[in-house]
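Subject: Handing over the structure

Hi,

Here is the structure I promised to pass on. Have a look at it first, and then read my notes underneath.

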Amino acid sequence: VITVIGMLAATVGQGLLPTPRGWGEESFAGQLGLYMLFILRLAQGLCTGGEIGAVSTYITEVAARRSMGRCVAFISITANLGFMFAREVIWAFQSRIGEEEMLTWGWRWPFLLAFIPGVISVTGRLFCLKETELFEQEHVALLEEEDEEVLVKEERSSERKSTRRHLQEFACTHFVEVLIGTGGVISFAVFQYGGLVWVNSFLKKHGAPVNYLMMAGTCSRLLQMILAFPVGWLADLYGTAFVTLAGALVQTAAGLPLFLALEAEPTSVANLFVTYTFGYSFVAVLQFTIYLYCAELFPTAVRTLGVGVSYNIGFGLFGGFAPLLAEASLEWSPYGPGLLLSLAGFVTVVTIVGSVHLLEHGKVEKLAHIRPRPYLATWADGDVVG
């Protein structure tokens, strides 16, 4: 629940910040607002990564094994629903008050309105959700190992040492799994921020009609929600690694051609809907199984931590810098952003194939702790039988 409260506070807080535009470029309040924006965005990102770890873990542990992919589809559906509503709110405000007023004060309202769903989320986490059965079993086992006669002071000291030891053991024993999880996330992270988000700004800068661009982005999110369950069904049928690998392969092959198509005719409405709405949506939706892919890598005791670390590194480092790299790559080649997308897809392909090789040679114990079969269709399982 701490991560949900953190996301709520950081999001709403951004809507209350003073800005250089309103207070003056050289004013103390304006400069303070910039520093606070950096801090709140950092907190928002860290809490989001932690919450993704918790949500992915919870869903994979409560879902029936035969329907884990379809259950994880809810993460993609709700995430895209949030992006779609955000677009609609911004579009509505911008159409109502105009771009100048939107830049002056209207931009605050989307952040402030996040208070409503945020409070609903916090209430739901506090009063509606129980711990999973797997977690409860491990928690009871740990309690039984505690020495009941230890003094409160020693007990607290022991807990602190236990936490440090827990983190040290995690870093030592699950380092390879974190690398695999991070490599698996890279394709999806770079495509989300270097594809769907940055390309939207690129198209706007190069003359794409603003209203049609907003509509294309909204339709893209809607299409991803519609396709989430069929993709989840494929993950249940052929395995999460199979679908994740398929998505990375599609991004490797299509990242460059899709960007070149948009770059060639950025003002074409037809090109906008065919390439950005349908093409980019298809690449993105094939990769939401990364949540399940990462959760499967780690045992119950460290699953939330493992997913959170892998996701934060993948999205914070590679996804976070993707727009900057995409913009900078245009300086040396018009193909740069497309090559970046294809390269990210290739990294995830190599990661998945390499992880199977590591499993077969005993370098990792398991790639799937809950549902090892199906994993990579008929090519590989998530553990070694016998």
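What follows is a short tour of what turned up, going from the whole chain down to single residues.

Before anything else, please keep in mind that this is a predicted model.

**The whole chain**

The protein chain is helical, with 16 helices and zero strands. Of its 386 residues, 44% are buried. The chain exposes about 20,200 Å², and carbon and sulfur atoms supply 67% of that area. If you look at contacts between residues at least 6 apart in sequence, 81% of them join residues at least 24 apart.

**Two helices side by side**

A good place to start looking is the pair made by helix α4 (residues 68-97) and helix α11 (residues 210-238). Their axes are 8 Å apart, and the helices pack at an angle of about 170°. Angles over 145 degrees count as roughly antiparallel, so that is how α4 and α11 run relative to each other. The residues of their contact divide into 19 nonpolar, nine polar and five charged.

While you are on α4, find Q94, which lies in that helix. Which residues does Q94 touch, leaving aside its neighbours within four places in sequence? The answer is E99, M102 and V210. The C-alpha atoms of Q94 and W107 are separated by 8.8 Å, with the two residues 13 apart along the chain.

**Salt bridges**

Side chains of opposite charge can pair when their charged atoms come close. How many salt bridges does a search of the whole structure find? It finds seven, and three of the pairs are described below.

Take D236 and R371: they form a salt bridge in which the closest N and O atoms are 2.8 Å apart. D236 lies in helix α11 and R371 in the segment after α16 (336-360), so this pair ties together parts that are 135 residues apart in sequence. Are these two residues buried or exposed? D236 is buried, and R371 is buried as well. The pair also belongs to a network of salt bridges that links R70, D236 and R371.

Next comes K205 with E327, a salt bridge whose closest N and O atoms are 3.4 Å apart. This pair also links distant parts of the chain, with K205 in helix α10 (residues 175-205) and E327 in helix α15 (residues 303-329), 122 residues apart. K205 counts as exposed because its relative accessibility is 56%, and the cut-off for exposed is over 50%. E327 has a relative accessible area of 33%, so it is partly exposed.

The third pair is D381 and R373, with the closest N and O atoms of the salt bridge 3.7 Å apart. D381 is partly exposed, at a relative accessible area of 27%. R373 is partly exposed too, at 41%.

**Backbone details after α16**

R373 comes up again in the backbone. Most residues other than glycine have a negative phi, and most peptide bonds are trans. The peptide bond from R373 to P374, however, is cis, with omega near 0°. P374 is found in the segment after α16. A377 lies in that segment as well, and A377 has a positive phi of about 55° although it is not a glycine.

That is the tour; send me any questions once you have looked around.

Best wishes

Conventions. Residues are numbered from 1 along each chain as its sequence is written. This is a predicted model: local features need pLDDT of at least 70, side-chain atom pairs count only at pLDDT 80 or more; totals for chains, interfaces and linings use all residues. Side-chain values use heavy atoms; hydrogens and water are left out. Axes are lines fitted to C-alpha atoms, for helices over the stretch in contact, and angles run from 0 to 180 degrees between N-to-C directions. Helices (H or I, at least four residues) and strands (E, at least two) are DSSP runs, numbered from the N terminus. Angles under 35 degrees count as roughly parallel, over 145 as roughly antiparallel, 65 to 115 as roughly perpendicular and the rest as oblique. Ala, Val, Leu, Ile, Met, Phe, Trp, Tyr, Cys and Pro count as nonpolar, Asp, Glu, Lys and Arg as charged, and the others, Gly among them, as polar. Contact means heavy atoms within 4.5 Å. A salt bridge is a side-chain nitrogen of Lys or Arg within 4 Å of a carboxyl oxygen of Asp or Glu. Buried means under 20% relative accessible area, exposed over 50%, partly exposed in between (1.4 Å probe, protein chains only). Accessible areas come from the Shrake-Rupley method with a 1.4 Å probe; for residues, only the protein chains shown count as cover.
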